[in-house]
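Visitor: I am new to reading protein models, and I would like to learn how to go through one feature at a time. Could you guide me with the structure below?

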Amino acid sequence: MDKKPHKVDEPQAPYAAPKPAKAAPASQSGPRFADIDKVRTTNAKLIEVHHKVLRKLAQ
C-alpha cells in the first residue's frame with residue numbers, strides 16, 4: 001500500500017506530441033566534407049578564445 005497522499009481532484013494534462021525532426025535532403029546521402037580554409041579559420045578563432053580564457057584562469 002502506498003501511504004503517500006495523492007491529488008485526485010486535478011486531472012493530468014496530456015503531453016504535447018514532439019515536433020517531427022526535419023529529414024535530411026536526399027541529395028546529401030553521402031558524407032559531408034568541410035572546406036579546409038573554413039576549418040582553419042574556425043580553429044584559429046577557437047584557439048584564440050581558449051588561449052584568452054586559459055590565461056585568465058591561470059592568473
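Visitor: How many helices and how many strands does the protein have?

Guide: This is a predicted model, and in it the protein has one helix and zero strands. Helix 1 covers residues 36–58.

Visitor: What share of the residues counts as buried?

Guide: A residue is called buried when its relative accessible area is under 20%. Of the 59 residues here, 0% count as buried, and the protein exposes about 6900 Å², of which carbon and sulfur atoms supply 60%.

Visitor: Which residues form a salt bridge, and how far apart are their closest N and O atoms?

Guide: For a salt bridge, one looks for a side-chain nitrogen of Lys or Arg within 4 Å of a carboxyl oxygen of Asp or Glu. The structure holds one such pair: Glu-48 forms a salt bridge with Lys-52, and their closest N and O atoms are 3.6 Å apart. Both residues lie in helix 1, where they are four residues apart, which is about one turn of the helix.

Visitor: Is Glu-48 exposed or only partly exposed?

Guide: Glu-48 has a relative accessible area of 46%, so Glu-48 is partly exposed, and Lys-52, with a value of 46%, is partly exposed as well.

Visitor: Which residues make the nonpolar surface patch?

Guide: Val-49, Val-53, Leu-54 and Leu-57 make a nonpolar surface patch of about 400 Å². One of these residues, Leu-57, lies in helix 1, and because residues over 50% relative accessible area are called exposed, Leu-57 counts as exposed at 65%.

How values were computed
Residues are numbered from 1 along each chain as its sequence is written. This is a predicted model: local features need pLDDT of at least 70, side-chain atom pairs count only at pLDDT 80 or more; totals for chains, interfaces and linings use all residues. Side-chain values use heavy atoms; hydrogens and water are left out. Helices (H or I, at least four residues) and strands (E, at least two) are DSSP runs, numbered from the N terminus. Buried means under 20% relative accessible area, exposed over 50%, partly exposed in between (1.4 Å probe, protein chains only). Accessible areas come from the Shrake-Rupley method with a 1.4 Å probe; for residues, only the protein chains shown count as cover. Patches are made of residues with over 30% relative accessible area and no salt bridge: like charges are joined within 9 Å, nonpolar side chains (Val, Leu, Ile, Met, Phe, Trp, Tyr) within 5 Å.
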